[in-house]
Amino acid sequence: MSNDLNYISVKDLMRLDFVVPSYQRGYRWGSTQVVQLIDDIYEEQNKKYYLQPLVVSNVTSSELKWNIIDGQQRLTTIFIIVGAFNYLISKNPVNIIHDSNLRMNLEYESRTSSDIFLSFLTDYRNLAELPMEVLNQERLWETFKRYKIEANVEKNLDFEYMLNAFCTSVNKLNELLGKNQMNNLIDLKQRMLNDCAFIWYPINATDNDKRNSEITQFSKINMGKIELTDAELIKAEILNPSRLNKGLERNKIKEKQFAISEVWYSIENELRKPDFWAFVPHENQYSINNHSRTRIDVLFEYLLLEKESELRRGVDRYIEELSSSFKYSLFTRVQQHPNNDKTWGKIVDIFEQLKELYESDGRTQIEDDKSTRRTGKETSIYNLLSFITLYQQKKGGKNSFFYLKSYETFYELLKKDRDERIPYIKNKIREMMYGEENIEEKIKSIRYGKGDELREVLLLYNLIILSKSTGIGNRYNFLEHNNIKRQWTREHIFPQKTRVSDATKLKVQKDLLSLLSNNLEISRRIVLKNNIILKYINYLHGKEKLSHSPLKLNNSGIINWTKDKEEIKSFLEQNHDENGYEKEYARKLLLIQKSIDLFSKIRILENNKRIRENQGDIIKHIASNIDIFKNIKTEEIVSLFENERENCIKVLKELLPNIQFADFIKGYIDKYMDGSLIILNSIVYEYEDGKEGPNLNEIFTKMYEVIIDNVESIDNIKICTHYHSLLKDILTRVNRSIEAEVSQFFKEEFNVLMSDNSIGNMALLDNIVNGSESVGNKPFNEKKQAIFRKMKSGEFIPLATILAFTDVNSIIRTTDEYWMYESRYAYADDIIQTIKDFLDIKKRSEG
């Protein structure tokens, strides 16, 4: 198919012969379509009106006879409308049809009677004796039968539609112009003959198999595989010699056509560069798979939008009109602005301005062997405009024209002086994202569930950080960011479900508990102004004083685990709102409490192992940590006393002079054995069948308490091997109990209590990187190493994400492996203050 589009007027068409091939259906236009076509022609008075493509294939080498591949319905209707004009004009006897020599030669290959009927219908002389007052389909049909002199001729479906089209045309023209406005009627007919034109679109059918080639082309057109784009039609209009500057010599016209074509090609070629095309607002913004569509079309949409803006109609109204009733194609809408030179010049201006904005990214430029930099306030325009486009099109959803909202920003920006552009963009972003809301409070309140809002904040933070960098590295990769294979998400920096390898499990657990407890196991109290975990919660919830607490404390500003025990217990047991301040505070308080307890136990465990290996005094070790040993009463201890009963009895016999253990045993005799004999030396109980036996767990637990409570009384008795052996076994069993408790805590409670869905624990990552086994729910120190490996392998990682995983916010270096609350606080505050500073908002004092 040729790429050179030409026009052919209705008058010139009537000098040619056309054939409707047998593979096409007959004429099927109804009244609605006929009326719409007449209305369109009438509304476009004094302008060129184009009737869409007429796709043809030449029948003879003389190019006077053509097969119609596409457009026969519209062409037939035009012929019928011309016939209606002639009929109406002929009804005034003073009028002469000056173009009566024009013929309408349209053959139907498989329906020969149809072309005879059409010729009859469009020749006013055949209808001379038929008054307008009695014109209807039946009278027309009777007249045709007399014309054919065949009384038994039968109607076919073509006849029915042609009769209806003719009567509809006569009635519509009569309605528009009035019976007595013959001059207007003649003028309108002449305008239609001369100023209404088809796009002439010949195809080259294969000579060897011409019919099959035509059918193939016909099928492709009707399946939409051959598409005449608006850009192709507009280009043909711009290059039309009759529309170029009048008075130019023929060779000058050719030169001008060539110059326009060269620039057109250059612009189209630039728009096909993926990065630039991703910057230019358009429908399906980041799709790069549509290779056939001409892209210069979008510049003409911008041109029309600018004209709407000049009329002050507003872009929202314009988009609404385009979306709700898209009556005219882009080509038709552009035709309403007939000055080709001015239109084309404006398109070139729009393109050059887009290129200027695209290149406003602060990269170093080399000019005349001297390194120069675009300095000033425009260095980040590319990133910020791309952000606005991305944000607005996500909000626009499936609206095909919402991209024009983004271009409106471009257009308004270009009208600003250069030193006003960045302030304009900042204000646009603020209005777009926050309106009148407090930005700091808004960002602090966002949680993981609001995925889009988090992604937008994190992306904006990335862009601001990136735009501050120097050299050539400050251009964000929006094309990769919007790669359809990637699903960008707000990823937890400290994972929701921490998985720790067995090789480092105890070390990692101890480190985490140490950081969370912050040596509070010694003082047993929290000074609120110094506790970063609770300050972080207060910060996120906008508390003016970061030492605030929802608890009723004995000493304001200090949580004392002993004095405030009942208040803490009551607060933790309350059913707080899941996402509220109290709930998050309670979780972190419980996290601290658990961490203090378990960290103390891990230290005991480590000492137990050392002493178990004869590296310390068992008795002093137990005595100095008596509270912890007292609180450990588990199945491990019960199992020890069941398995080591004889050793236990020997030890107890040595301790009995100093304790009231016999009274405890006697209580069980009274309760369970109704006075039966108990032999203390062997702990053998004899009791009647059917009676409830003693609670061995309670007895063994009591034995453990007796030994622990009297651990130092061995100084007053003879040291025996059994006693030391028993204590070593107790250490082993206690270690197992501690390990099980710590493991259970990290398996179940830890992830819940550590849960942090706020901005301070979020970074931008995509499903390809984050979904890999090397990243996922790995601990922070393993995850950051995996991310660096991904970056080195060529994966796209946003700059701020890289900085987060290097933990540049951590002051205490022992925390940089775990992304603890000091880092989260500093990171969240940096995000908020960076965005506030960028948007020129004063920093709010924290108190």
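A residue is called buried here when its relative accessible area is under 20%, exposed when that area is over 50%, and partly exposed in between. The exercises below apply this and related terms to a predicted model, whose protein chain holds 37 helices and 14 strands.

**Exercise 1. Burial, from the chain to one helix**

Task: Establish what percentage of the 847 residues in the protein chain is buried, and then determine which residues of α9 are buried.

Solution: Begin with the whole protein chain, where buried residues make up 50% of the 847 residues. Turn next to helix α9, which spans residues 230-239 and is mostly covered, since 7 of its 10 residues are buried. The buried residues of this helix are A231, L233, I234, A236, E237, I238 and L239.

**Exercise 2. The open sheet and the helix on it**

Task: Work out in what order the 6 strands of the open sheet are arranged, which strands lie at the edges, and which strands helix α9 touches.

Solution: Reading across the open sheet gives the order β1-β6-β3-β4-β2-β5, with mixed pairing. The edge strands, each of which pairs on one side only, are β1 (6-9) and β5 (105-108). From one strand to the next, the twist averages 40°. Helix α9 packs on this sheet and touches β1, β3 (49-58) and β6 (196-202), while its direction makes about 75° with that of β1. For the edge strand β5, the partner to examine is β2 (residues 17-20), and these two pair in the parallel sense over 4 bridges. Within that pairing, D17 has N105 in β5 as its bridge partner.

**Exercise 3. Two crossing helices**

Task: Decide whether α20 and α37 are roughly parallel or roughly perpendicular to each other, and find which residues of the two helices meet.

Solution: As a starting point, two packed helices are described by the angle between their axes and the distance between the axes. The axes of helix α20 (residues 451-467) and helix α37 (residues 821-838) come within 10 Å and cross at roughly 70°. Angles from 65 to 115 degrees count as roughly perpendicular, and α20 and α37 are therefore assigned to that class. On the α20 side the contact consists of V457, L458, L460, Y461, I464 and I465, and these meet Y827, D830, I831, T834, I835 and F838 in α37. Sorted by character, the residues of this contact comprise 10 nonpolar, 1 polar and 1 charged.

**Exercise 4. Three residues in their surroundings**

Task: Classify R421, D115 and N625 as buried, partly exposed or exposed, and describe the surroundings of each residue.

Solution: Take R421 to begin with, which lies in helix α18 (residues 418-433) and counts as buried because its relative accessibility is 5%. The side chain of R421 makes a polar contact with the side chain of E356, at 3.2 Å.

Continue with D115 in helix α4 (residues 112-121), whose relative accessible area of 17% is the reason why D115 is buried. When its neighbours within four places in sequence are left aside, D115 is in contact with L106, E107 and Y108.

Finish with N625, which lies in the loop between α27 (618-624) and α28 (626-631) and, because its relative accessibility is 22%, counts as partly exposed. N625 and S600 are 25 residues apart in sequence, and their C-alpha atoms are 9.5 Å apart in space.

**Exercise 5. Sequence separation of contacts**

Task: Considering contacts in the protein chain between residues at least 6 apart in sequence, state what percentage joins residues at least 24 apart.

Solution: Once the contacts are restricted to residues at least 6 apart in sequence, 75% of them join residues at least 24 apart.

Terms used. Residues are numbered from 1 along each chain as its sequence is written. This is a predicted model: local features need pLDDT of at least 70, side-chain atom pairs count only at pLDDT 80 or more; totals for chains, interfaces and linings use all residues. Side-chain values use heavy atoms; hydrogens and water are left out. Buried means under 20% relative accessible area, exposed over 50%, partly exposed in between (1.4 Å probe, protein chains only). A polar contact is a pair of N or O atoms within 3.5 Å; within protein, one must be able to donate a hydrogen and the other to accept it, and residues adjacent in sequence count only if both atoms are side-chain atoms. Two strands pair if DSSP finds at least two bridges between them. Axes are lines fitted to C-alpha atoms, for helices over the stretch in contact, and angles run from 0 to 180 degrees between N-to-C directions. Contact means heavy atoms within 4.5 Å. Angles under 35 degrees count as roughly parallel, over 145 as roughly antiparallel, 65 to 115 as roughly perpendicular and the rest as oblique. Ala, Val, Leu, Ile, Met, Phe, Trp, Tyr, Cys and Pro count as nonpolar, Asp, Glu, Lys and Arg as charged, and the others, Gly among them, as polar.
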